[in-house]
Amino acid sequence: MITLSSKKRFDKKLDKIRDTKISQSANKKQSNRALRKLLNNRLAVIGGIVFAIIVIMCFFAPLFTSYDPLAIDMTKISKAPSMTNILGTDQVGRDIFTRILYGGRISIMIGFGSALGCAAVGVLLGCYSGFKGGLIDKVLVRISEVFMAFPQLILVLMLAAIIGRSASNIIFIFILTGWGSVFRMVRSQMLSIREEEYVQSLKVFGINDLIICYKHMMPNALGPILVNITLSTAMFILEEAALSYLGLGVAPEIATWGNILNSSQQLHTLQNYWWAWLPVGITISLFVMSINFVGDGLRDTTDPSQQG
Amino acid sequence: MKKRLLAVLLASMLFLTGCGAGGEKAPEVTDATETNVLYTNGGPIEFFETPWLNPGTFFYNKVLFDRLIVADENLMTIEGEGQLAETYEVSEDGMSIKFNLREGITWHDGEAITPEDIKWSIEYAQLVPALNPVINSTFSAISEMTIDGNSLTVNFSKLAPDALLAFTQFSPLPQKYFVDVEPAGFQQADFWQSPVGSGPFKVKEVQMNNYTTLEAFPEYWGGAADYTIQLSPSAGDSDENFVANAQAGKMDYGYTRSIDDIKALEGVEGMNIEQVDVRYTRLFFLNKFPNADGDSPLADVKVRQALLYALDMQAILDGVFDGAANPANSLTPNAADKPTDLNNYEYDVEKAKALLAEANWNPDTVLDVVYYYTDQLTVDLMTIIQSYWSQVGVTMEFRLVEGDLASILWSAPTDPVNGPSAVEWDICYAANAALSLHEYYDRYQTGQAINSHTPSDPTLDALIEATNNTLDPTEITEAFHALQRYENENLFVLPLYYQPVFVVTSDKITKGAPAVGNPQWNYNWDIQNWELGK
Amino acid sequence: MFKYIIKKIIGMIPMLIIITFLIYLLLEMTPGDAVSRMMDPEAIARLSEQELTAIRELYGLNDPFIIRYFKWLFQIMQGNFGTSITSGVPVSTIIGRALPATIELAIAALFISTFLGSVLGVLGAIRKGTMTDNLLTFAGMIGVSIPQFFFGMVCILIFSLNLEWLPVGGRTDPSVVNFFDRIQYLVLPSLVLGITMTAGVMRYARSSMLDTMNKEYIRTARSKGIPEWRVNLVHGFRVSLTPVIVLVGFRLPTLIAGSVVIESIFQWPGIGNTFSSAIRASNYNLVMMIALIFVFMVLFASTFVDIITALLDPRVKLEK
C-alpha cells in the first residue's frame, strides 16, 4: 500500500516539477521563440494561411456553394466558368467548384487520417519498443523492416483489390504501409531518452512501465512526429491522386481530388476543358505545397541543428 | 582516406553496372530505303493473341492470317469466292460445305498449306476452351470432315445457321507448330511470340510492349504490298494512347469506341473519322429469379416497362455521347431487317409512375445494380440513371464487381424455372457484342449455362428455337421479328443503347482503303492493294 | 569489412522469404484467379466443371496455397523463375526485356535529380537568405507538390503535341540506329521523374553545404585568402558527392513507385508497366519475380547506404 502511494506521489511530483518547469521561464520563452521563429518564416505563415483557407472552405462547403456535388444536370455539360458555375461544370453537368470543395473533404481526410494513423501506430509501438527493448523490440523492428522494404505500391495495388476501394480502406492501406518510418523515428528517440536520469529514477521507484513510457517519456519524443504528420499528409494526398490515375484509388463515384483530376486523363478534356483539371490540379498542388511549407517551418523551429 | 576511396569506388561501380545494363545493343540498321510505313495500334504487349477468340479485334490478326472464305463489309459471305479456299460449295440442305483450296499457297515459312492443316485446325479448335462463340457453336455441330485431293468437305450433324459466317472469321494455323501444345494452353504456345501466318503480311520484327513491324509476304497469292506496318502496343480495342499517337501522326488506321477520343481527333488535319453502327448493345440484365428475400422486384413486367419509361435515353446519350449513340428498343441494333413497329418506350414519367402503382411497387425496395467496367463513363451513366429512377420513386444503388466474374454474374440457378437465384444482384450493366444475331438471344434459352437471370419461358424457348431451325433468309427474318416483338413487349432485359465504333484513317492511305465495316471482324480488306502516299 | 558486408547481405535472405510469402498470400487473397482474369467470364461460365479443373491444373492452380508457395520457392532456389501464365514465356525473358528500359529511365532520372539538386542546393546555400535562395526553395517545393501523372500529361501536351519537339511515348522505333537516336524518347519521362525527385536532393545538398561552410577549416581557408569561388567550388563538389551516394538509396522507393506511374503515362516498356498489368492479370510468377526484384533493390539500397555511411563516418566501426 505504502509503496503504491509513494509511487503515485513520486509520479505526481514529477508531473508537478515538469508542469512548473513548463509554465516557468524556460518553456515560455522557448515556445515564444519557436512561435516567433515560425512567424518569421514567411513561407510557413503563407502556407499556414493557404492551408487554413482550403480546409475551412472544404469543411464548411455548404456555406460556400449551394450545389449538390453529386447532382447531375444534363442541360449544362462541360460548360465553361460562368456567373452561375464559377469554375464551370464537368462532363455530366456537376458544378466543379462544388466538387472540389466536397472532394477536398475526403482527400484531406485521407491524407490527414492516414498521417495521423501512421503516427499513432508508430508512436505507440515505437515508444514501447524503444523503451522495453528485448524480444518485443526485435520482433517489431523486423516487422517494420518488412513493411518498409515492401514496395508500397505493390501493397496498395493488391490490398485495394482485396479489401475494396472505399476511402476508409485506402486510409487503412496507407497506415499499414506507412507506420514503419514513424516507428523507427520514435524508437531511436526513445533509445536515447531511455538513458536520461529522470527515466532511470522513475525506474528505480518501480513505476509501471507503461506510465513511464507513455506518460513521461513519450511527450519528449513527439517533436519530430509533428513535422512528420504534416509532411506525410502531403505525401498521402499526392499518393491518393496517383492511385486514382492508375485506376486503383477510391471508387470513382466518390469525388476526391484525385478522382476529379483524373478526368484530365482524356486528352480531349486536357486540351479543351481547362476548367475540368486546372483548378483541381492547382488546388492539390497548392494544398500540398502549403502543408510542406508549414512542415518545413515546424522542422526549422523544432530542430536545433537547422538553426543559423 | 582509404575508406573514402572505397566508398567512391563502390558508388561508381553501382553507377556503371546500371549504365551497362541500360546502354544495351543498338537495334540492327534497317534498310532505310524509304519503305513507306503504315502506323496502327494493337501491337503485342506480351504475346500475339490467337485469332480464334477475337478473330478481327487486332490489326495483326487481320493481316497475318487468311480465312477460308471471305465476307463483305456487312459480313455477308461473298458467294463462291474465298481466300485460302479459291471456291466453295454449300450443299442443298446446308448440311455440308466443300472448300477447294488454292493451289500452291504457302505459310509464311514457305511450307505448303494443306487440307490436313485445315482439318487439324478445326479439330484442334474444338478442344480449345477460349473460342469465339459463333465459331464454337458451328464447330460443335460438325460431324465429320473428309479430304479429297486439295479440297476439304465439312459435314454437319445438325443445322449450323452461322456456318459460313464462322468460316469467314476462322483462321487455320500450321499444324506443325502445335504438336506438343495442350489445347487448354493454346495461347501459351511459343508460336504466339512470333506467329507464322498465311496472310498478306508477315512478322518482321517484334519488340514486345514496344513496337512490332510487319512486312509484305512476297509469295502472297493476291500480290504483295509495297509498304511495312508498324504496330504500337495496346490491349485489345482500348488504347489509352490512341489520341496522343494519332495527333502525333502515328496512327494511319485505328478504331475506337471512346467518344472522347473522337472529340479530341475532330479537326486534326489529315485524319478521317467514320462512324460505324455495329452489333454492340449496352443493356441491363434483369434478375427475375426469386432471392433470399422473396420474389424478385423485377419479376413483374410492369416494373420492367416502368424502368424503361423512366429513362430519357435520348437526352442521356446526347449528354454523355454527344448524340453518337442511339437509344435501344431491342437487343438487336437498328438495321434494315428489324421490325419497325417496336415500342420505343419514349420517356414518360407519368406512365412509369402509373405502371409502378399498378404493380404495387414497394418504395422501400433498393435495386442492387452491378457493373464491371472501371471507366469514368460507366460511373457517370449509373449516376444519371440513379437520378432518373429516383424521380419515379425507384431507389437503386450501384457497385463495381471484381474477381471471379463468371460466378458472380453468370451462375445459373439449379432450378431454371423457380430459382432461387444463384447470383446476388438485381440488375447487371453489361454489353453484348455479337457477330451473329443468334448470339444475342440463344443465351436466354432454358438450361443455358450462363442464364443466371431469366426463368424458363416456353414461349421464349420456342421463339429462339425457330430462329435456329432454318437457312431460308425470309423464314429467319420472320422468326427474328416474332422474337424481337416478344422481347419488346416482355422486356426480359432492358436494352439501353447501341454504341457505334469509330474508324479513324489518315490521308496517308491514298488508295484502296476498305469499304467501312465493323473493324472488329474480318472482311474483304485486300490490304495488299492499299497504296500509301507520303 | 567483408565480413560486415556479407553479414548484411545474408541478413537480407530471411526478410526476402518473409516478404515473398506475404506477397503470395496477398495474391491468393485477391478475388479471382489467373484463369478468371485471362478468359472472358461468359466463356468460363460455359465451361464444364472438368474442363475448368483441367485448365486450372495446367497452370498449377489446383494445389493448396501453401504447397504452391513452397513449390515456387523451391523452383526459385534452383534458379527456375517459371513462366508467365498469360503467355507461357519464361519470366526471366519478360523481365530481361523490361528491366533495361527501367534501369535506363532510373539512371537518367537519378542523374538529372542529382545534378540539378546538388547544383541548385549548393547555389542556394551560397546565396543563403537571398532572393535566389527563396526562389529555389519555392521552385523545389512546386516540384514535389505537383502530382506526377498530372505533370507528365501536361508535358506531353506542351512538348509533344503543341510544340512537336518530342515523341509522345515509347522507347524506340525501327528507324533508331544507336543510343543517341533514342535519347529523344528518354527526355520527357526522365525529366518528369527526375524533377519530382530534385527537391529532396536540393534540400539535402543545401543543408549539408551550409554545415560545411560553417566548419572550422573553411573559415581557415577563407582567412588564408583563397578566393571565395574556389572555396565554394571545391567544397560544393564534395558536398554534392554525398547526396549522390546516400540519396541513391533514399530515392529508390520513389523511383520504383514513380516508374509504375511514369511508365504508364509515357508507354515506357519497363518493369513498372509490366508489373501493374501482371497484378491485374493475377499473373503469379511474374508478379512474384518483379516484387522480389523491387524488394531486393530496396533492401540492397538500404544495406548499401548503411555500408557507405559506415565507410564515410569515422565514428562507426566496421568490425561490429
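## Worked exercises on this model

B:Tyr345 sits in a loop of chain B, between strand E14 (326–327) and helix H10 (349–358); helices (H or I, at least four residues) and strands (E, at least two) are DSSP runs, numbered from the N terminus. The model is predicted: local features need pLDDT of at least 70, side-chain atom pairs count only at pLDDT 80 or more, and totals for chains, interfaces and linings use all residues. Residues are numbered from 1 along each chain as its sequence is written, chains are lettered from A and ligands numbered from 1 in the order in which they are written, and side-chain values use heavy atoms, with hydrogens and water left out.

### Exercise 1: two loop residues

**Task.** Find the sign of phi for B:Tyr345 and for B:Asn209, then decide whether B:Tyr345 is buried or exposed and do likewise for B:Asn209.

**Solution.**
1. Start with B:Tyr345: phi is positive, about 50 degrees, although the residue is not a glycine.
2. Its relative accessibility is 4%, so B:Tyr345 counts as buried; buried means under 20% relative accessible area, exposed over 50%, and partly exposed in between (1.4 Å probe, protein chains only).
3. Now move to B:Asn209, in the loop that joins strand E8 (201–207) to strand E9 (211–216) of chain B.
4. Here too a residue other than glycine has a positive phi, near 60 degrees.
5. B:Asn209 counts as buried because its relative accessibility is 13%.

### Exercise 2: chain B as a whole

**Task.** Work out whether the radius of gyration of chain B agrees with that of a compact globule, and describe its surface and charges.

**Solution.**
1. Count the elements: chain B contains 15 helices and 21 strands.
2. Compare the radius: a compact globule of 534 residues would come near 24 Å, and the 26 Å of chain B agrees with this. The radius is taken over C-alpha atoms, and the globule rule is 2.2 Å times the number of residues to the power 0.38.
3. Add the outline: along the principal axes, the C-alpha atoms fill a box of roughly 85 × 80 × 45 Å.
4. Look inside: 57% of the 534 residues are buried. Of the contacts (heavy atoms within 4.5 Å) with a separation of 6 or more in chain B, 70% are between residues 24 or more positions apart.
5. Turn to the surface: chain B exposes about 21300 Å², with 49% supplied by carbon and sulfur atoms. Such areas come from the Shrake-Rupley method with a 1.4 Å probe; for residues, only the protein chains shown count as cover.
6. Finish with charge: chain B has 30 positive and 76 negative charges, and their mean positions lie 8 Å apart. Lys and Arg count as positive, Asp and Glu as negative, while His and the chain ends are not counted; each charge is placed at NZ of Lys, CZ of Arg, CG of Asp or CD of Glu.

### Exercise 3: two helix residues in chain B

**Task.** Place B:Met382 and B:Glu478 in their helices, and say what surrounds B:Met382.

**Solution.**
1. B:Met382 belongs to helix H11 (residues 376–390).
2. At 0% relative accessibility, this methionine counts as buried.
3. Beyond its neighbours within four places in sequence, B:Met382 contacts B:Phe284, B:Val369, B:Tyr371, B:Met396, B:Phe398 and B:Tyr429.
4. B:Glu478 belongs to helix H15 (residues 473–490) and counts as exposed because its relative accessibility is 57%.
5. From B:Glu478 to B:Asp337 there are 141 residues along the chain, yet their C-alpha atoms are 9.2 Å apart.

### Exercise 4: chains A and C

**Task.** How many helices and strands are there in chain A and in chain C, and what does A:Thr98 touch?

**Solution.**
1. Chain A has 14 helices and 0 strands, and chain C has 13 helices and 0 strands.
2. Buried residues are 50% of the 308 in chain A and 54% of the 320 in chain C.
3. Chain A exposes about 14300 Å², 66% of it from carbon and sulfur atoms; for chain C, about 14300 Å² is accessible, with 68% from these atoms.
4. Zoom in on A:Thr98, in helix H5 (residues 96–132), which counts as buried at 0% relative accessibility.
5. Its side chain makes a polar contact with that of A:Asp95 at 2.4 Å. A polar contact is a pair of N or O atoms within 3.5 Å; within protein, one must be able to donate a hydrogen and the other to accept it, and residues adjacent in sequence count only if both atoms are side-chain atoms.
6. Leaving out residues up to four places away in sequence, A:Thr98 touches A:Thr65, A:Tyr67, A:Asp68 and A:Pro69.
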